[in-house]
Amino acid sequence: FSPQVDSANAGRVLASDAAVFLKKSGLTDLVLGKIWDLADTDGKGILNKQEFFVALRLVACAQNGLDVSLSSLNLPVPPPRFTDTSSPLLLSGTASSDVPWAVKLEDKAKYDAIFDSLNPVNGLLSGDKVKPVLLNSKLPVDILGRVWELSDIDRDGMLDRDEFAVAMFLVYCALEKEPVPMSLPAALVPPSKRKPISVPGAMPLIPSSTSTKESHQSLPPVGILAAKTPLTQ
């Protein structure tokens with residue numbers, strides 16, 4: 001047990017301590033709530049060591065695009081990633097400044113051409129402009145909503161050129177039947193959005209509940225999906 005979560009060395013983790021720790025995974029509150037409900041089998045708001053490991057395992061499943069369910073626990077997944085590097089137990093998602101961007105140069109050129117064709121204002125596209133493009137993908141609305149949330153990295157309700165490339169990349173992955181992750185993998189964070197690792201908690205991957213609501217309001221109800229058609233023109 002890390003002293004970060006078991007501060008009293010009592011062999012159990014309280015909900016309040018676990019919530020602070022699990023938020024560093026970059027998953028949404030909704031997903032974390034589901035993980036807690038599955039791990040806290042007796043509903044007492046306290047996790048023992050075994051239950052805490054179940055929670056960590058479910059975090060890893062969610063970060064790798066797997067369903068948050070007990071049936072996913074036996075699937076092979078990498079260890080969970082957290083943004084706090086102070087504990088040797090954790091693999092940091094922030095140590096990504098040297099990771100090459102997952103968006104290839106030739107794909108970025110295509111995405112940039114689509115971006116420019118949508119008449120960006122001051123280098124930004126509003127949700128209303130991106131929505132029709134993304135809806136052309138015919139992906140389910142819940143997938144499209146997650147694509148928007150992951151690609152609007154700075155939570156301003158707009159996509160810049162790099163954020164738009166992330167959205168398009170995720171859409172094409174989904175069209176190839178690859179699961180859209182619950183949190184943005186380090187390799188997908190554009191270099192322009194990466195922060196120095198020396199700053200603790202440099203990449204707050206989890207928005208507060210208020211900012212989440214605001215981003216939903218500033219967006220089309222479910223916003224943004226990429227189209228195959230523009231690429232072939």
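Helices (H or I, at least four residues) and strands (E, at least two) are DSSP runs, numbered from the N terminus. This is a predicted model: local features need pLDDT of at least 70, side-chain atom pairs count only at pLDDT 80 or more, and totals for chains, interfaces and linings use all residues. Residues are numbered from 1 along each chain as its sequence is written, and side-chain values use heavy atoms, with hydrogens and water left out.

**View 1. Asp40 sits in the loop between α2 (29-39) and β2 (46-48).** Asp40 is buried (under 20% relative accessible area; exposed is over 50%, partly exposed in between; 1.4 Å probe, protein chains only). Asp40 has no salt bridge (a side-chain nitrogen of Lys or Arg within 4 Å of a carboxyl oxygen of Asp or Glu). The nearest side chain of opposite charge is Lys44, 8.3 Å away. For charge, Lys and Arg count as positive and Asp and Glu as negative; His and the chain ends are not counted. Leaving aside residues up to four places away in sequence, Asp40 touches Gly45, Ile46, Leu47 and Glu51. Contact here means heavy atoms within 4.5 Å.

**View 2. Phe21, Phe52 and Phe53 make up one aromatic cluster.** Rings of Phe, Tyr and Trp (its six-membered ring) pair if their centres lie within 6.5 Å; planes under 30 degrees apart count as stacked, over 60 as edge-to-face and the rest as tilted. The whole structure yields four aromatic pairs. In one of them, the ring centres of Phe52 and Phe53 are 6.4 Å apart and the planes stand at 50°, so this pair is tilted. Phe52 is buried, at 2% relative accessibility. Phe53 is partly exposed, at 42%.

**View 3. Tyr111 and Tyr172 form a stacked pair.** Their ring centres are 6.0 Å apart, with planes at 20°. Tyr111 belongs to helix α4 (residues 105-117) and Tyr172 to helix α7 (residues 161-175), so the contact ties together parts 61 residues apart in sequence. Both tyrosines are buried.

**View 4. A salt bridge joins Asp162 and Lys108 (3.4 Å, N to O).** Asp162 in helix α7 and Lys108 in helix α4 are 54 residues apart, so to speak of distant parts of the chain is apt. Asp162 is buried at 17% relative accessibility. Lys108 is buried too, with a relative accessible area of 11%.

**View 5. Lys193 takes part in salt bridges with Asp154 and with Glu163.** The Asp154 bridge spans 3.5 Å, N to O. Asp154 lies in the loop between α6 (141-151) and β6 (158-160), and Lys193 in the loop between α7 and α8 (209-218), so the pair ties together parts 39 residues apart in sequence. Asp154 is partly exposed, at 39% relative accessibility. Lys193 is buried, at 15%. In the other bridge, the closest N and O atoms of Glu163 and Lys193 are 3.8 Å apart. Glu163 lies in helix α7, so this pair ties together parts 30 residues apart in sequence. Both Glu163 and Lys193 are buried.

**View 6. Salt bridges that share partners join Lys108, Asp112, Asp116, Arg161 and Asp162 into one network.** The structure holds 10 salt bridges.
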